[in-house]
Amino acid sequence: MRKREWPARTFVSPSSVSKNAPMSASPTDSLFLRACRGEATSRPPLWMMRQAGRYLPEYRRIREKVSFLELCKTPSLAAEVTLQPIRRFGFDAAILFSDLLVPLEAMGLSVEFTEQGPRLPTAIRTPDDLARIHSFDPAQRTDFVLETIRLAREGLGSTPLIGFAGAPFTVATYAIEGKTAKNFTETKKFFYRYPQAARQLLSMIGGATEAYLKSQVAAGVAAVQLFDSWVGVVSTDDWNDFVFEPTAALIAALRTTGVPVIYFGNGATTILDRVAALGADVYGIDWRLPLDEARARLATTARYPFAVQGNLDPAVLLGPIPLIERRAADVVARGGCRGHVFNLGHGITPETPIESVEALVRVVQQG
Ligand code: CP3
């Protein structure tokens, strides 16, 4: 990797770090934040996308009593669920329990969770439909998220809490398709027929997401992750024409807060040279490419030093323990111990056995 200067910036630690914890145990000195800053660590810190969820029996017990959206909107329960995987496995970071569609609802689109997944009945299909969405004040419309962050921070002590939102493209696919799409035809049709309205939609989502994530930082998250879960479906032309600019602008705005910005572009392994121009602090890598190769590709265009996060195939956790141990050790070796946050290459699947996660934790945390 070519040597580059860090731009001058300070990483702020959330102000109300567990009051009893010694200074050295503040989230700022945590393995996770050190790895995000590109520093060397004795081992990679570990957390898993979707670590708070249905593979956990204690999560399923809570879900027997409340709906998914109710859970997201009840701070005491959402904070409890945020803490569950930390208590059970001792992961090195927690992620806020919420959903990517929460800010879209706050922007004015109603959201329902059905057996078949999310549904947005008033999806945006024409430029006139843009009138249905608006920016929002997070303290008013998503106060439950900010309260969840405060409560979770109290329970976490020195374990850092990651805030998140969807990246503009992925959120736009939900606004346009009204559900998790299979081939994203409606999204692309909207982009090609109404390019100006498409850019306006992405920019409105980007602006609302900036305010939303800045409010999460003010409430105490130590890093933010942008999930670009469906960006793998765009061509390089669409990336250049629609996706790059609003995403890079959002990342630049978020970096002014001083907390590391993680960009996870699922399926973006074919365009990592373009992804690196986004200017994030950390790039989440899916399982499709070994981490050392991903790092080398990112380095060709990155503007400053960066860290990588990933990238064990979540499906490996459905295999036998010796396979999990071998594959996890390979990710540790390829990711190295400088600027590497261990994660899965996408979210953990609900059918994952607890023993598989325990094996993963042993390999990554004990070597
Ligand atoms: O990572 C975590 O543990 C934090 C929680 C989290 C959830 N959703 C909880 C959730 C996070 C970070 C998300 C983000 C999210 N939501 C994404 C991006 C992440 C990714 O996997 O790429 C997306 C695409 C969504 C939208 C969404 N939410 C879908 C498509 C679904 C239904 C599909 C499914 O997996 O069931 C959800 C529901 C959802 N979000 C659940 C959880 C735990 C399951 C709800 C339940 O308990 O029934």
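Q: How much space lies in the second largest cavity?
A: This is a predicted model, where local features need pLDDT of at least 70 and side-chain atom pairs pLDDT 80 or more, while totals for chains, interfaces and linings use all residues. Residues are numbered from 1 along each chain as its sequence is written, and side-chain values use heavy atoms, without hydrogens and water. A cavity is a set of points, on a 1 Å grid over the protein atoms alone, where a 1.4 Å probe fits but cannot get out. With volume taken as the space filled by probe spheres set on joined points, the second largest cavity holds about 30 Å³.

Q: Which helix gives the largest share of the lining of the second largest cavity?
A: Lining residues have an atom within 4 Å of a point, and here they include Leu100, Phe136 and Val171. Helix 5 (102-106) and helix 10 (195-219) each supply at least two of them, helices being DSSP runs (H or I) of at least four residues. The largest share, three residues, comes from helix 10.

Q: What is the volume of the largest cavity?
A: Gly265, Thr269 and Asp286 are among the residues that line the largest cavity. That lining divides into five nonpolar, three polar and one charged. The volume of the largest cavity is about 40 Å³.

Q: Which residue has a polar side-chain atom 2.7 Å from a nitrogen atom of the ligand?
A: Backbone N or O atoms of two residues lie by ligand oxygen atoms: Gln51 at 3.0 Å and Ala52 at 2.9 Å. Such pairs of N or O atoms count when within 3.5 Å. The side-chain atom 2.7 Å from a ligand nitrogen belongs to Asp99.

Notes. Polar contact = N/O pair within 3.5 Å; in protein donor to acceptor, adjacent residues only side chain to side chain. 1 Å grid on protein atoms, 1.4 Å probe; cavity = no way out; pocket = protein on both sides within 12 Å on 5 of 7 lines; lining within 4 Å. Nonpolar A, V, L, I, M, F, W, Y, C, P; charged D, E, K, R; others polar. Helix = DSSP H or I, 4+ residues; strand = E, 2+ residues; numbered from the N terminus.
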